[in-house]
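Trainee: Could you take one part of this model and go through it closely, telling me what surrounds it and which side chains it engages? Please state the cut-offs as you go.

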Amino acid sequence: MKGAKFNANAGRNPILITNFSASSNDQVSSVWTHKFGNYTTLYEHKNAQGRALAIANNGTSVDLTDYSMGDSERTWNDQASSIVVKAN
């Protein structure tokens, strides 16, 4: 895993919305998804605002440099500011 480490532990919460801390904001390069539940969604801005990237929860690591932000210029590498984890 690359970049800043951020743990969004959904546990038994069905939905968890978290803003990244100052040290993790726009510094995340990979995500280790929750192994249970539906999906993890990264957001470009705080409070689940802006562009979004939904990733299936399957307990694996996802390299954000592999995902375009849809503007043909940027990837999700070092772009996320908040996260939503939807678990069962």
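**A close look at strand β3**

Mentor: L42 stands opposite I83 in β6, and that pairing is a good way into the strand that I would like to follow, β3, which covers residues 39-45. This is a predicted model, in which local features need pLDDT of at least 70 and side-chain atom pairs count only at pLDDT 80 or more, whereas totals for chains, interfaces and linings use all residues. Residues are numbered from 1 along each chain as its sequence is written, and side-chain values use heavy atoms, with hydrogens and water left out.

The protein as a whole has zero helices and six strands, where helices (H or I, at least four residues) and strands (E, at least two) are DSSP runs numbered from the N terminus. Within that setting, five of the seven residues of β3 are buried, so the strand is largely enclosed by the rest of the structure; buried here means under 20% relative accessible area, exposed over 50%, and partly exposed in between, with a 1.4 Å probe and protein chains only. Across the 88 residues of the protein, 35% are buried.

β3 has antiparallel partners in two strands, and strands count as paired if DSSP finds at least two bridges between them. Five bridges join β3 to β6 (residues 82-86), and six join it to β4 (residues 49-56). On the β4 side, T41 has A54 as its bridge partner. The hairpin of β3 and β4 has three residues between the strands, and in that hairpin N47 takes a positive phi near 60°.

L42 also belongs to the interior, being among the residues with the most contacts inside the largest nonpolar core, as are F20, L53, I55, L64 and W76. That core, a set of buried Ala, Val, Leu, Ile, Met, Phe, Trp, Tyr and Cys residues joined through side-chain atoms within 4.5 Å, has 13 members. The elements that give two or more residues to this core are β4 and β6, which are also the strands that bridge to β3.

A charged residue of β3 deserves equal care. E44 is buried at 13% relative accessibility, and E44 forms a salt bridge with R74, the closest N and O atoms being 3.7 Å apart; the criterion is a side-chain nitrogen of Lys or Arg within 4 Å of a carboxyl oxygen of Asp or Glu. The pair links distant parts of the chain, since R74 lies in the loop between β5 (61-63) and β6, 30 residues from E44. R74, partly exposed at 28%, also meets D71 in a salt bridge at 2.8 Å, N to O. D71, partly exposed at 21%, pairs in turn with R51 at 3.3 Å. R51 lies in β4 and D71 in the loop between β5 and β6, so their pair ties together parts that are 20 residues apart in sequence. Through shared partners, E44, R51, D71 and R74 form one network.

Finally, consider the approach to β3. T33 sits in the loop between β2 (30-32) and β3 and is buried, with a relative accessible area of 3%. The T33 side chain reaches the backbone nitrogen of G59 at 3.0 Å. Leaving aside neighbours within four places in sequence, T33 is in contact (heavy atoms within 4.5 Å) with I55, A56, N57, N58, G59, T60 and V62.

Terms used: Polar contact = N/O pair within 3.5 Å; in protein donor to acceptor, adjacent residues only side chain to side chain.
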